[in-house]
Amino acid sequence: METETELITAVFIILACALAVIFVGRRFRLPMIIGYFLTGIIVGPSLLGLVTEEQVELLAELGVIFLMFTIGLEMSLKNLLAMWKKILVSGGLQLLITAVVVWLIMTYLGYSTAVSILTAFLVAPSSTAIIMNLYQQKGEINTPHGKTSLGLLIFQDISVIPMMLIIPILAGTLGGSIPTEILSLIFGLIILAFVLIAAIFFVPRLLIRVAAVRNNELFIITIVVICFGIAWLMSLNGVSLALGAFLAGIAISESEYSHEVVGQIMPIRDILTSFFFVSIGMMVSLSFLGSHLVMVVLLAAAVIVGKSLINFVSIKATGADSGAAFMSAVGISQIGEFSFIIGSTGLVAGIITNDFYQIFLAISIVTMAVTPFLVDSAPRMARALARGNPVPNGNAPLSFGGAPGIAPVPGEEPKEHVIIVGYGVVGQYVAKAFRRIGMDYVILELNPDTIRDQRKKGEKIVYGDARHESVLEFAGIDMARAIVLTIPDTQAVKAVITAIRRKNPKIGIITRSRFISEIADHYHLGADEVIVDEREAAIQIFRRILANEQVPQQELDQYARQIRCELYDTYFEKPVLSHLKSEPKPGFFEIFGLRIREAEERMPKTRNSVEQIHVGKNSDACGKKLSELHLRANYGMTVIAVRRVSAGDVEVNPDKNTVLYEGDTAVVIGERTSINMIIPMFTEKSD
């Protein structure tokens, strides 16, 4: 019980301190990672001593596991396999050149061969957790420099396995023979490949079965089991749990459920990852850092500059674009978290001293701390070095020496598309309307059977819960013009509206609601238009009753508008300002309605309607002959009767010279769309 209490206390202290530090740091535009480092320094042994690293070690490791798992989910297996040559060439060169340069420097300074080689092992790896977390936050995982960095980091992480096997040899403590260890490594790699291939074929099929149950808790449990299960199986063969989790993510990256998995895991991952960065801050010894500050800063600067140059040369050797190579080289110029494991192993083996390890820790943490600033400034530095080329704006691709840049990989969804949430009866009719007007759309649905059937028909439909921001990002929320919520679940709709407004405050939101009493909540959360099932049902019943009583079309429309206003005013006093109405140009909904009407007008009709239309005061039809209105020629309409307001008589089959007077009622027959078009001719106008 005491251990459980200590853990809860440690978690509370870390999160409370991080909350304060990050809140203050945001005012000075400090990256969140720096805030976590500072939190670790404050609560750790160096300052207040409220928490020890051992208390958060498990949470920190879980954070790295989930981080690598989500990165693997976002990385396409096909793209990764297509890069294998570049990964081997650039990764091998980077590791070899770094090791040789560090070994030569350490040997020149008089260190033993064992210490020199171990130091090379310490400097060569970069921080996968930090750089991938930064790229993920900036949306740069799939950019050329993001892919290149990930490829090198994967190679480095895999290289940790033979490094760990070599340490006993350096220390002279190897129990078995070298050939036996090599055979063990080869056997482990074979098992690793078998597990990965099995996961690629088995996991997507498992997710299909689980998703069909449509139980959110079961889906989350399945994700965690897959993540930890594959990571654990691979760890049995010497692979780190973090790298095993990454490969688990890769195994299901091609699944149609990958983005939904990211949405489910992301909140857990963000919390646990923070403990990893805090644990790094706890390693800092302020007293040691203060007494060796100048040396540590100079050595850290030398590591960053040296690794950046080596990284750049290694990446360029594969023919990569210079701009992407530079940004990738600078991004992975820090020392990585796996170096801590190698260093502590070397310390226990007696290869290095405690003072040497403390210097290494200080240098590593300094390089990690400046990484967010280097990543932010890398594009500007790349542009400054791009001599003779115009400086691109925003996220435009970079290139050196006239070499063409490679733009970030765009999403499949085109600009100005619409997102439809839910593909029930309402969603199907909405999609049909968009198809008629030629507007691009993408559908988010949670029913696997519906998704499978509709994909066979060519629909742009994907599996995903729109309450998760990662799913909205996958659907292209930043580029979308509007989003239509057709799901009947009130609580889900509210959650989706909230998530949408966080991701895109300006997007238009049309939502469905079951009851009139829910209107106010939807508008206040940020909806632009609310279509209420209950209200529309009441209006349609009302229209049918009056239509059976032969009430003219204008009166039906007027009564319907009046009912809508009364029902609206009853349940909603004053709506928040629309997110679209502030625009000076016509809003999406006006344009959408106009295009729908235009499409309906172009569609052939086979069914005619009979309607009664009042002749309003000062209307275009008032006082004119039927021949002057050109109803048959222009609209395909026929006036089959006219009821006079003065005498109450009815003229059946009036001729072309029949004059329409104020208050008369014309009975017309024709297509519904044509009737709607001529109604303005009969509508009353002010003097």
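**Exercise 1. Following the chain through the strands**

Task: Work out which handedness the unit made by β1, helix α18 and β2 has, and then follow the chain from β2 to β3.

Solution. Start with β1, helix α18 (residues 425–437) and β2: together they make a β-α-β unit, and it is right-handed. Keep in mind that this is a predicted model. Next, leave β2 and trace the chain onward: it passes through helix α19 (residues 448–456) to reach β3, again as a right-handed β-α-β crossover.

Now look at the pairing on each side of β2. Strand β1 (residues 418–421) pairs with β2 in the parallel sense, over four bridges. To find your place in this pairing, locate I420, which stands opposite I443 in β2. Strand β3 (residues 461–463) also runs parallel to β2, and three bridges join them. Here the residue to look for is E445, opposite Y463 in β3.

**Exercise 2. The two faces of β2**

Task: Decide which residues of β2 lie on each side, and whether they are buried or exposed.

Solution. First recall a general point: side chains in a regular strand alternate between the two faces of the sheet. Then sort the residues of β2 (residues 441–445). Y441, I443 and E445 fall on one side, with V442 and L444 on the other. Finally, check the cover: both faces are covered, and five of the five residues of the strand are buried.

**Exercise 3. Aromatic pairs across the sequence**

Task: How many aromatic pairs does a search of the whole structure find, and what is the geometry of F37 with F277?

Solution. The search gives five aromatic pairs. Take F37 and F277: their ring centres are 6.4 Å apart and their planes meet at 75°, so this pair is edge-to-face. Now place the partners in the chain: F37 sits in helix α2 (residues 32–43) and F277 in helix α12 (residues 258–282), 240 residues apart. Burial comes next. F37 has 5% relative accessibility and counts as buried, and F277 is buried too, at 1%.

Turn to Y111 and F356, another edge-to-face pair, with 6.0 Å from centre to centre and 70° between the planes. Y111 belongs to the loop between α5 and α6, whereas F356 is in helix α17 (residues 354–385), 245 residues away. Y111 is partly exposed at 39% relative accessibility, because buried requires under 20%. F356, at 16%, is buried.

As a last step, go back to F37 and F277 and add Y36: these three form one aromatic cluster.

**Exercise 4. The surroundings of T486**

Task: Find where T486 is placed and which backbone oxygens lie by a polar atom of its side chain.

Solution. Begin with the position: T486 is in the loop between β4 (482–485) and α21 (490–503). With a relative accessible area of 5%, T486 is buried. Then take the polar contacts of its side chain. The backbone oxygen of V421 is 2.8 Å from a polar atom there, and that of G422 is 3.0 Å from one. To complete the picture, set aside neighbours within four places in sequence: the contacts of T486 then include I420, Y423, V426 and R512.

**Exercise 5. Counting disulfides**

Task: How many disulfides does the count come to?

Solution. The test is whether two cysteine sulfur atoms lie within 2.5 Å. Applied here, the count comes to zero disulfides. For two examples of cysteine surroundings, C227 is buried at 0% relative accessibility, while C622 is partly exposed at 26%.

Definitions and conventions:
Residues are numbered from 1 along each chain as its sequence is written. This is a predicted model: local features need pLDDT of at least 70, side-chain atom pairs count only at pLDDT 80 or more; totals for chains, interfaces and linings use all residues. Side-chain values use heavy atoms; hydrogens and water are left out. Buried means under 20% relative accessible area, exposed over 50%, partly exposed in between (1.4 Å probe, protein chains only). Two strands pair if DSSP finds at least two bridges between them. A crossover is right-handed if, with the strands pointing away from the viewer, the path from the first strand over the helix to the second runs clockwise. Rings of Phe, Tyr and Trp (its six-membered ring) pair if their centres lie within 6.5 Å; planes under 30 degrees apart count as stacked, over 60 as edge-to-face and the rest as tilted. A polar contact is a pair of N or O atoms within 3.5 Å; within protein, one must be able to donate a hydrogen and the other to accept it, and residues adjacent in sequence count only if both atoms are side-chain atoms. Contact means heavy atoms within 4.5 Å.
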